[in-house]
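Reader: I am new to this structure and would like a close look at a single part of it. Please pick out the salt bridges, and set them against the rest of the chain.

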Amino acid sequence: MPVPVNSSLKKRKSERKAEAVRPSKIFSPFRVLGKVSNEIPFAIGTLGHTFYIVTSVDRAFQIYDANTLHLLFVSNTQTPSKINALAAHFHYVYAAWDNKIGIYRRGILEHVLSCETENFIQQILVFGDFVICTTFTSNEIFVFKKKDSKDSYATEFYTRLSVNSLQGKIVGIVHPATYLNKIVVATTNSLLVFNIKTGKLLFTSCDFNEFNITSIETVPVLDLITFGTSDGQVVLYNIKKGKRFRKIRTGITSKVTSVSFRTDGAPHFVASFVNGDLFFYDLEHKARVHILQTVHKEDHGGVSKAAFLNGQPIFVTNGGDNMLKEYAFDPNLSTTNSSIVPAPHYLRSRGGHSAPPTTVQFADPNSHFMLSASKDRSLWMFSLRKDAQAQEMSQRPPKKSANNKRIGVIPSMKDKLPEIVCLAQSNSREADWENAITGHAGETIARTWDTYNRRLGRWDLPTTDGGQVKSVAISACGNFGFVGSSSGGIGVYNMQSGIQRKLYRLHKKAVTGVAVDSMNRKMVSCGLDGIVGFYDFNESKYLGKLQLDAPITQSVYHHSSDLVALVLDDLSIVVVDSVTQKVVRVLLGHTNRITALDFTPNGRWIISSALDNTIRTWDLPTGSCIDGIFVPSTVTSLKMSPTGDTLATTHVNSVGIALWTNRAMFHAVSSRHVEESEFSKIMLPNTTNDTQTTIIEGAFDENTVDDNEITGVYNTVDQINEKLVTLGIGPRSKFNTLLHLDVIKQRNKPTEAPKKPENVPFFLELKGEKVGDRAIESEGKSDPDGTATQESFTEAQSQLNSLRGDNRMTFENEFTKNLRLTSETKEYAEFLKYVHSLSPSQVDLEIRSLDITESVKEVSCFIEALTQGLENNDNFDLIQAYMSMLMKCHGDIIFDSSDEDLKTALRGWESINESKKANMDSLVKYCSGVINFFHTV
């Protein structure tokens, strides 16, 4: 069993704390686009004659097929912290984080090994029955062994080795071929040989005072190993004789990061350096073969590792610039002179941005491709369907011709264009001519691009007033390109010829947004001067302008609705109708500078992000924020896909593009306003499968939104607060009918009695079985003497007698029964509920039917019920109407009665009614005074 880790060990500061996550109503994390590798050296695994490559992407790893570099697997879950080392052995991948090693098969974690140390594991070596790991900072070596020879991997802690700090820090470990149970440990100034089975130190080399060892690798020759130094030298060492075999000066003074040898018959090796170069050497002819320069970027650590595939003239490299590359050697052209070796050529690669992206744009209406610009001065075309289709746009200038001269300085092939600050693209003329425009930091010209051929276009479009490019746009037809200047000018160019066609000058400050509608009729511009300009594009006429209260930093135009969303410096989003030239919505809520926004395809929602680390969704018809997400990293750019199923975001500390699925494609979303306290806290999408939610899965998710929120139906409560006077929640006509029921009856009374028609139709004289009335016939036949009729009458009479309350025979209806039962407990809530459910005519009938022949007990109980309802402030108007009807019907009896219970009930009603009347009178007068005050002011 692995050794348990002491609970007092230090935990990594960046380890994420588990927290309850409430999902968003609209967006769910899907995956990350454009992440391939980081600075951790890759691992190569072998399965028969096939190879696979394992790369690290922060807290996950990815497995690629070495033959095609197609993605095979990703780790199923993220590790608790960043992966520091990788190793591969047949079907298993070993990934180290903190002081643990995870053993994976096909991306699924099967076992975890723990080392009793506070330091991070920085290298893993797997051979035979052993798994060996080292910590460079503490010079410790941990050995794990299989419990049984039939086990697939080691699970049991075996021993622990230490290296004296006087011998330097550990930089690597290898296992030489044929050296049973032995490893060679390289420190910064010596080599040591250990027997891991016995735990003994077998050999220690003399100190290499002239070298500072940085890497170590085995040689496909017995007894030889090689190591690289910090000054760019490669040394071959014979560990059997304890002597240096050969020292090779590469001519590169950078640190050697790795060394690898060819095993396909050619005596060559490759050495990688932190400056991004690769050095190739022929051991047989003792000569340099070739040098590949800047294979990986030096400012990202250069080449992390270079390794040949076993038995293949192909080698693989990776680096911290998010690139994984393969190169290959062609066969020798000369059969007699083996010293002539062709230079290795580029074979294939996978990669992405080496710096966080700043601008994204979907490149087709089907949401297949996406354009992305980054701080690394590159422009990439990514595929959302197949990662292998990702490609960096070529910045090589097109060939010159006599009639086609480029404007401005032409950059060399080595230098990239400045960072892209704005991007626009159209698909209408993609195969005909350039269909994309970019503005670059500090430049006065905008560049055109050909996305069909994935390369830089022919034309440079200068600003009309010599200012820097601040905004670009392209018409929906693909014929016109727009360039906004920092000095306020707007130039319109023909995309086919690159010739300027129009010039607009309205703004006094930088133009931050330009757009034209789908029919090329209306044009809209905005700037830092807070002006929104409207133009007739066909006639080149100025139509008007709208002055806003704050500078406008960016804008988005929605072609279907002709709405323009503007971001202002006062943290607001203003929506303007370009047809009426009026503000239709002002959206407030962000607490820091707004970084990006976009419309949904149907134009109903606006999605925005800001430096407050939120992504908000605004509903334009209601002007409400209907959903919000707190993200751990600030969003720099966002775009909604043309199909509406995906949201793409870029973040300040991630080289990938985060993709979110739109759950609203399958479920209705409430338009209820959401406060910031109700926002969801969601982690960003990652490369693993643990947080991925596909678009299809969104269709089967349980809809947690209340139907009332979606439909807008709200069931009102009977009483909001007991201290508030509540009127009846039924129709207002019921109250008016109760008050004027006698008038209504008088009005509806017939003017004359019905008359019998003079000529009676013959069929009205028929009776009995002839008209379907068999009752009369059956009564006459079955009971000629009336015996059965007398028996049924007697039975009905006995049932009525059982309801006697006194000597009189009475029938107790539902109204009377409820009144009697509730009067016993003096809780009249159920009785009042029943009375409120009756119609006005039924209430009138029941009040008139109250028993007042010998006792007024029912009247007293009814008054007590009304008093209790009045005291509860419930259905105030109906209670008053019931009391009015009671007085109209039985006022004379009540006035002449001397019953003490009735008098007590009337006094209780009078007391409660007077207090309510005084309270209502004061409130009405107060509200009236306040309203009159505001009217006069």
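Author: What follows describes the chain as a whole, then the salt bridges one by one, and then some other places for comparison.

The model is predicted. Its chain has 937 residues, and 49% of them are buried. The secondary structure comes to twelve helices and 57 strands. Among contacts between residues at least 6 apart in sequence, 49% join residues at least 24 apart. The chain exposes about 46,800 Å², with carbon and sulfur atoms supplying 51% of that area.

The count of salt bridges comes to 25. One of them is formed by R244 and E210, whose closest N and O atoms are 3.2 Å apart. This pair links distant parts of the chain, since the two residues are 34 apart. R244 belongs to strand 21 (residues 243–249), while E210 sits in the loop between strand 17 (200–204) and strand 18 (213–218). R244 has a relative accessible area of 41% and is therefore partly exposed, as the value falls between the cut-offs of 20% and 50%. E210 is partly exposed as well, at 46%.

The surroundings of R244 can be filled in further. Leaving aside neighbours within four places in sequence, R244 is in contact with E210, F211, V235, L236 and Y237. The side chains of R244 and E210 are also joined by a polar contact of 3.2 Å. R244 and I225 are 19 residues apart in sequence, and their C-alpha atoms are 9.8 Å apart in space.

A second salt bridge is formed by D264 and R262, with the closest N and O atoms 2.7 Å apart. Here the two partners fall into separate classes of exposure. D264 is partly exposed, with a relative accessible area of 31%. R262 has a relative accessible area of 11%, so R262 counts as buried, the value being under 20%.

A third salt bridge joins K416 to E392, and the closest N and O atoms of this pair are 2.9 Å apart. This pair, too, links distant parts of the chain, with the two positions 24 residues apart in sequence number. E392 is in strand 33 (391–392), and K416 is in the loop between strand 33 and strand 34 (420–425). Both are partly exposed: K416 has a relative accessible area of 27%, and E392 has one of 29%. Elsewhere, salt bridges that share partners join E443, R447 and D460 into one network.

A buried residue with a polar side-chain contact is T448, which lies in strand 36 (residues 445–450). T448 counts as buried because its relative accessibility is 0%. A polar atom of the T448 side chain lies 2.9 Å from the backbone oxygen of W459. Not counting residues up to four places away in sequence, T448 touches E434, A436, L456, G457, R458, W459, L461 and M495.

For a loop position, take E675, found between strand 56 (657–662) and strand 57 (680–681). E675 is partly exposed, at 44% relative accessibility. The C-alpha atoms of E675 and I626 are 8.6 Å apart in space, although the two residues are 49 apart in sequence.

The nonpolar residues give another kind of comparison. In soluble globular proteins, nonpolar side chains tend to be buried together. The largest nonpolar core here has 35 residues, and those that touch the most other members are F831, V859, F862, I863, L866, Y882 and L886. Several helices give two or more residues to this core, among them helix 3 (732–739), helix 7 (814–825), helix 10 (857–871) and helix 12. Helix 11 gives the most, with ten residues. L886 is in contact with I847, L850, V859, F862, I863, G891 and I894, leaving aside its neighbours within four places in sequence.

Some nonpolar residues are at the surface instead. Y926, V930, F933 and F934 make a nonpolar surface patch of about 470 Å². F934 lies in helix 12 (residues 900–936). F934 is exposed, because its relative accessible area of 58% is over 50%. Helix 12 is thus both a contributor to the nonpolar core and the place of F934.

Conventions. Residues numbered from 1 in each chain as written. Predicted model: local features only at pLDDT ≥ 70, side-chain atom pairs only at ≥ 80, totals over all residues. Heavy atoms only, no water. Helix = DSSP H or I, 4+ residues; strand = E, 2+ residues; numbered from the N terminus. Buried < 20%, exposed > 50% of the residue type's maximum accessible area, 1.4 Å probe, protein only. Polar contact = N/O pair within 3.5 Å; in protein donor to acceptor, adjacent residues only side chain to side chain. Contact = heavy atoms within 4.5 Å. Areas by Shrake-Rupley, 256 points an atom, 1.4 Å probe, with all protein chains shown as cover. Patch = residues over 30% accessible without salt bridge, like charges linked within 9 Å, V, L, I, M, F, W, Y side chains within 5 Å. Salt bridge = Lys/Arg side-chain N within 4 Å of Asp/Glu carboxyl O. Core = buried A, V, L, I, M, F, W, Y, C linked by side-chain atoms within 4.5 Å.
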